[in-house]
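User: I'd like to go through this one with you, a few spots at a time. Could you keep the answers plain?

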Amino acid sequence: MSITASPQLRRETMVRSLPPVVLVALMWISEGIDTLLGGALDAFGIRPREAEGLIGLVTAPFLHDGFAHLVANTSTFVVLGLLVAWLTRWFWLVTVGVAVLGGLGVWLFGAPLTVHVGASGLVYGYAAFLVAYGLVARRVTAVIVAVVVFLVYGSIVWGALPGEAGVSWEGHLFGAVAGVLLAVWCGRRDRKPVRRP
């Protein structure tokens, strides 16, 4: 006896899987271009309280401080991004919301004369979203995913605290805060009503 997914389910899963995969591909392409340009694109990251630095709200997640930085973000971004895409109908809202809200937090409160690049703000936003969404939406699958994400990725919380030089803890912190806020908003809309006798 075997269990196979219906063609419609397979097709829907593939469609939902495309956005995170495409975003990662764009990150790799932009890092390749940045390498050829000697890192010139990194200037388009978030530069706190500089008007020109606001462009980083859109560009920063696609820019990285070298391929080692990009490799460190890629697998976690793909896993958590796919979970957001498969579990909810909010992938684009969460992605854009974390980038903009988290990026604004960095722009407002980040250290002066710094440039913040990388997808780790989105990674923290996805992780925080998945954990909070499970609690707010009160759906069995969402709760199971929340527990698994917390157990597997819970230790990243230390990256949202000041510490290692050259690491944008502000990006991690505000990405996570944005993820929680979005989870509350989305989770309330997806919450199943409680049936009372």
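User: Where does Val 143 lie?

Analyst: In this model, which is a predicted one, Val 143 lies in helix 6, the run of residues 140-153.

User: And how exposed is Val 143, as relative accessible area?

Analyst: Val 143 has a relative accessible area of 35%, and because partly exposed covers the range between 20% and 50%, Val 143 is classed as partly exposed.

User: Which residues form the nonpolar patch on the surface?

Analyst: The patch is formed by Val 140, Val 143, Ile 144, Val 147, Val 148, Phe 150, Leu 151 and Val 152, and together these residues have about 780 Å² of accessible area.

User: Switching to salt bridges, how many are there?

Analyst: The count comes to four salt bridges. One of them is formed by Arg 16 with Glu 12, where the closest N and O atoms are 3.2 Å apart.

User: Where do Arg 16 and Glu 12 both lie?

Analyst: Both are in helix 1 (residues 7-36), four residues apart, which is about one turn of the helix. Arg 16 is partly exposed at 27% relative accessibility, and Glu 12 is also classed as partly exposed, at 38%.

User: What does Arg 89 form a salt bridge with?

Analyst: Arg 89 forms a salt bridge with Asp 190, and the closest N and O atoms of that pair are 2.8 Å apart. The pair links distant parts of the chain, since Arg 89 is in the loop between helix 3 (67-87) and helix 4 (91-109) while Asp 190 is in helix 7, 101 residues apart.

User: Is Asp 190 buried or exposed?

Analyst: Asp 190 counts as buried, with 14% relative accessibility, whereas its partner Arg 89 is exposed, with a relative accessible area of 55%.

User: Which other side chain meets Asp 190 in a salt bridge?

Analyst: That is Arg 139, at 4.0 Å from N to O. This pair, too, links distant parts of the chain, with Asp 190 in helix 7 and Arg 139 in the loop between helix 5 and helix 6, 51 residues apart. Arg 139 is partly exposed, with a relative accessible area of 24%. Through shared partners, the salt bridges join Arg 89, Arg 139 and Asp 190 into one network.

User: What about the backbone, then: what is phi of Arg 138?

Analyst: Phi of Arg 138 is near 60 degrees, a positive value in a residue other than glycine, and Arg 138 lies in the loop between helix 5 and helix 6. For context, most residues other than glycine have a negative phi. Leu 113 likewise has a positive phi, of about 60 degrees, although it is not a glycine.

User: Where is Leu 113, and is it buried or exposed?

Analyst: Leu 113 is in the loop between helix 4 and helix 5, and it is exposed, with a relative accessible area of 81%.

User: Back to the helices: at what angle do helix 5 and helix 7 pack?

Analyst: Helix 5 (residues 120-137) and helix 7 (residues 169-190) pack at an angle of about 35 degrees, and their axes are 6 Å apart. Their crossing is right-handed. By class, the contact between helix 5 and helix 7 has 13 nonpolar, eight polar and two charged residues.

User: Last one: where is Pro 162?

Analyst: Pro 162 is in the loop between helix 6 and helix 7, and it counts as exposed at 58% relative accessibility. From C-alpha to C-alpha, Pro 162 and Pro 48 are 16 Å apart in space, with their positions 114 residues apart in sequence.

Key:
Residues numbered from 1 in each chain as written. Predicted model: local features only at pLDDT ≥ 70, side-chain atom pairs only at ≥ 80, totals over all residues. Heavy atoms only, no water. Axes fitted to C-alpha atoms, helices over the stretch in contact; angles between N-to-C directions. Helix = DSSP H or I, 4+ residues; strand = E, 2+ residues; numbered from the N terminus. Left-handed = near helix turned anticlockwise from the far one by under 90°. Nonpolar A, V, L, I, M, F, W, Y, C, P; charged D, E, K, R; others polar. Patch = residues over 30% accessible without salt bridge, like charges linked within 9 Å, V, L, I, M, F, W, Y side chains within 5 Å. Areas by Shrake-Rupley, 256 points an atom, 1.4 Å probe, with all protein chains shown as cover. Salt bridge = Lys/Arg side-chain N within 4 Å of Asp/Glu carboxyl O. Buried < 20%, exposed > 50% of the residue type's maximum accessible area, 1.4 Å probe, protein only.
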